[in-house]
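Visitor: Before we start, could you show me the model, so that we can go through its sheet, its cavity and its cysteines in turn?

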Amino acid sequence: MDTARNLLELAAEYHKALPGRIRRYLNERGVTDLLIDAHLLGWDGRRITIPIFNRVGELAFFKLARDPEYTIPGPKMMATPGAYAELYGWDAVLKKPSQIIVCEGEFDRLVLEARGFFAATSTGGAGVFRPAWAKDFEPIHGVYVCFDNDNAGRAGANRVGELIPHAKIVGLPPEVGESGDVTDFFVRLGWSSEDFLGLLEQAMPVPPSPPRSVPSFSPRTRSDESLPRERIDRLKSDLPIAKVVERYVKLQAVGDKFAGLCPFHEDHTPSFTVFPATGTFHCFGCRKHGDVITFVREIEHLSFGQALDALDNLRTPHETQPSN
């Protein structure tokens, strides 16, 4: 079995063998030459090698990223035999910085580093974050979780947020697209570190789970947890976001979207956009974003429950108005 020393020698060989075309590909993905060299990214002849170091600084195994020019279907990311779920970024975590981003994916971690952020990720994917790791995040005041913009990413981010109670969940804007990630935010969309800091300012903790109590005198006909979800879905269905927003903002149709002056900052050119297809809004100036509930919360300075009540009040006059 390879020792950590032998693996380190192998990593150095792989790094030396890194082709120029792969280095250019990594540069295009937002990974700088400085980080390529610092993290010993390499090439084993078929895949990009990413050395994974454990908590004590020993090289444990490699993650293997697919050759971008390889056209035969196959996994984008693999690992060498004997691999396990490890935290890629112990070097950042153990420095106890004032702020760190828990992201989804090894390349996302490197892209964040290139933008000046401390970052770490699980090598096991969005659904794997070991409870034992959470203790090392306790001394870090600002812990932010930014996973991919899909169901698996959202579920994984919530899990991390539950394990690290003071962590806040970062929502990527709709423009990254379904399954969009940190690399899409910085590289494809070309947004800046300052833009990402704006997302951090809007990050929120994972909401506490509602208590699960079942009265012994009343049989349950539906799940307690489904009631708030049903209410939220009903409000979003009955109240299109553009109809709510236009009570506060003069909107103008721009293709399949609406634009107007942002109500959350001093705006002289329309930077506030409403996306009816996704039921969301986003400001390209102050970077505030969210759904119709978030909009009402922010514009009226309400709690989550108060925002639901306010939206219910908007529905009621239309539902109860007598017909002539």
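Visitor: Which handedness does the β-α-β unit made by S6, helix H5 and S7 have?

Guide: This is a predicted model, in which local features need pLDDT of at least 70 and side-chain atom pairs count only at pLDDT 80 or more, while totals for chains, interfaces and linings use all residues. Residues are numbered from 1 along each chain as its sequence is written, and side-chain values use heavy atoms, with hydrogens and water left out. Helices (H or I, at least four residues) and strands (E, at least two) are DSSP runs numbered from the N terminus, and a crossover is right-handed if, with the strands pointing away from the viewer, the path from the first strand over the helix to the second runs clockwise. For S6, helix H5 (residues 106–114) and S7, the unit is right-handed.

Visitor: In what order do the five strands of the open sheet lie?

Guide: Two strands pair if DSSP finds at least two bridges between them. Three bridges join S6 to S7 in parallel, with Val102 partnered by Ala120, whereas two bridges join strand S5 (residues 87–88) to S7 in antiparallel fashion, where Leu87 stands opposite Ser122. The pairing in the sheet is accordingly described as mixed, and the order is S5-S7-S6-S8-S9.

Visitor: Are the residues on the two faces of S7 buried or exposed?

Guide: The classes rest on relative accessible area, with buried under 20%, exposed over 50% and partly exposed in between (1.4 Å probe, protein chains only). Ala119 and Thr121 lie on one side of S7 and Ala120 and Ser122 on the other, and both faces are covered, so that these residues are all buried.

Visitor: Which strands give two or more residues to the lining of the largest cavity?

Guide: A cavity is a set of points on a 1 Å grid over the protein atoms alone where a 1.4 Å probe fits but cannot get out, and lining residues have an atom within 4 Å of a point. The search of the whole structure finds one cavity of 30 Å³ or more, and about 50 Å³ of space lies in the largest cavity. Its lining includes Val102, Cys103, Thr121 and Ser122. The elements that contribute two or more residues are strand S6 (99–103) and strand S7 (119–122).

Visitor: Why is Cys103 not bonded to Cys146, and how far apart are their sulfurs?

Guide: A disulfide is a pair of cysteine sulfur atoms within 2.5 Å, and by this rule the count comes to zero. Cys103 counts as buried at 1% relative accessibility, and Cys146 is buried with a relative accessible area of 1%. Cys146 holds the cysteine sulfur closest to that of Cys103, but the two are too far apart for a bond, at 7.8 Å.

Key:
On a 1 Å grid over the protein atoms alone, a cavity is a set of points where a 1.4 Å probe fits but cannot get out, and a pocket is an open set with protein on both sides within 12 Å along at least five of seven lines; lining residues have an atom within 4 Å of a point. Grid points are joined across faces, edges and corners, and a volume is the space filled by probe spheres set on the points.
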